[in-house]
Amino acid sequence: MPISAALPPEPRARGFTLVELMVVLAVLALAATVVVLTIPGSNARVTEEADRLAVRIASLRDLAIVEGRPLAVVVSPSGYAFERREADGWSALPGRAYARRDWPAGIRLTEPASGAPLRIAFDNVGTISAGASLAISDGSTAARLRVSTTGEVVRGE
């Protein structure tokens with residue numbers, strides 16, 4: 001009967017390999033990049049407000065076509081409101097989507113600079129008599145909206 005002596009097990013090296021450490025660092029770098037890219041920039045408030053107004057004006061144009069009646073947005077230094085043409089003049093457009101909105105704190109209308117309210121009125125086919133342009137700013141960032149005579153709303157910086 002052969003006699004064998006069992007050798008003690010080889011001690012295993014404990015720890016991480018260089019490849020494992022590099023993979024972990026790459027995953028952390030990717031996660032950090034995603035977090036940094038999702039943080040809103042300093043102009044996010046102005047951009048968000050300009051986008052909101054552009055969408056609401058485009059929606060108003062579509063509603064003017066659907067209803068077959070003149071509708072308008074009135075932009076003033078304090079905010080903007082939506083109106084419809086009635087037999088006796090302009091009246092507030094009902095509905096939560098078209099409720100009057102004041103400019104958020106820190107944001108102001110910079111164009112038109114006259115301070116007088118600007119009425120952009122769409123006729124029953126969605127066009128306006130003259131193109132309109134307006135701009136809002138928070139002092140450091142500005143956003144501009146243009147409405148063409150065909151009723152197209154374009155937002156740009």
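In the predicted model, arginine 84 of strand E2 is bridged to serine 91 in strand E3, a pairing that belongs to the antiparallel arrangement of E2 (residues 79-86) with E3 (residues 89-92), in which 4 bridges are found. The connection between E2 and E3 is a hairpin of 2 residues.

Strand E2 also pairs with strand E1 (residues 71-76), again in the antiparallel sense, and here 6 bridges join the two strands. Within this pairing, alanine 72 has glutamate 83 of E2 as its bridge partner, and the passage from E1 to E2 is made by a hairpin that likewise comprises 2 residues. A further antiparallel pairing links E2 to strand E4 (residues 101-102) over 2 bridges, with glycine 79 standing opposite aspartate 102 of E4.

Serine 76, which lies in strand E1, was examined with respect to its surroundings. The relative accessibility of serine 76 is 10%, and this residue is therefore classed as buried, the cut-off for that class being under 20%. Beyond its neighbours within four places in sequence, serine 76 is in contact with Arg100, Trp103, Leu109 and Pro117. Serine 91, the residue bridged to arginine 84, is 15 residues from serine 76 along the chain, and the C-alpha atoms of these two serines are separated by 16 Å.

Note on methods
Residues numbered from 1 in each chain as written. Predicted model: local features only at pLDDT ≥ 70, side-chain atom pairs only at ≥ 80, totals over all residues. Heavy atoms only, no water. Pairing = 2+ DSSP bridges. Buried < 20%, exposed > 50% of the residue type's maximum accessible area, 1.4 Å probe, protein only. Contact = heavy atoms within 4.5 Å.
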